[in-house]
Amino acid sequence: GPPARRRFGANLVAIPGRARLELHRGADFVSIFGQGYPRPYHDQVFREADAQPRIARHGVGCATSAGIPDLDPVSGSVPALGAVFTLEVTNTPAMSLTWIGLGTRIDAFGQTTLPLELQAAGLAGCYLWMAPAIFMATTAVGGAEQVAVSIPANPSLSGSLLAAQGVTLDPASSNGFGGVSNAVVGTLR
């Protein structure tokens, strides 16, 4: 990270779960016309270990009439701060409608522990592996679909979790409704 300037009244905070040190507040003295006054600092990420974005598959999908939808990042795409992260769902029926759910949790959806079996939603044998906060709709052309997610260039997001999972409508599937993909889970850096 960037070097910290000398300051007084600051707090250095260790965040082990994110493998980082943060320097909060504080001030230094600056002179204007020979008069000293404190100049406040904003919070700053001072050091961060393993500052590479990561992505991994999570859970398994369930079949549509074209097989099990498969969700992965497009080759070389990672959830980097200030970049576009592109995901692709493959193995979907031609001209089907798929939603990609995005969220920040894989442990619970509201008060319900994940994974959640989706039989009550008409998707017998399918599981929700992440808690969607938003959905992005896309139409399959040739059995593959892509969605692009713009990641803000905000350092406070470093170490945060981003999860995604696809849901494909397919009346020709064995359950008469559709199927879901595996989930992917990334660490923003």
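Does Thr86 count as buried or exposed, and at what relative accessibility, was what I wanted to know first: which of the two is Thr86? I found that Thr86 counts as buried because its relative accessibility is 17%, where buried means under 20% relative accessible area and exposed over 50%, with partly exposed in between (1.4 Å probe, protein chains only).

I noted that this is a predicted model, in which local features need pLDDT of at least 70 and side-chain atom pairs count only at pLDDT 80 or more, while totals for chains, interfaces and linings use all residues. Residues are numbered from 1 along each chain as its sequence is written, and side-chain values use heavy atoms, with hydrogens and water left out.

**Thr86.** I placed Thr86 in strand E8, residues 84–90, strands being DSSP runs of at least two E residues, and helices runs of at least four H or I residues, numbered from the N terminus. Leaving aside residues up to four places away in sequence, Thr86 touches Pro73, Val74, Ser77, Gln146, Val147 and Ala148, a contact being heavy atoms within 4.5 Å. From C-alpha to C-alpha, I read 8.8 Å between Thr86 and Asp72, which are 14 residues apart in sequence.

**Thr64.** I then looked up Thr64, which lies in the loop between strand E6 (54–58) and strand E7 (70–73). Thr64 is buried because its relative accessible area is 7%, and its contacts beyond four places in sequence include Asn91, Thr168, Asp170 and Gly178.

**Whole chain.** I recorded zero helices and 17 strands, with buried residues making up 37% of the 189 residues. Of the contacts with a separation of 6 or more, 64% join residues 24 or more positions apart.
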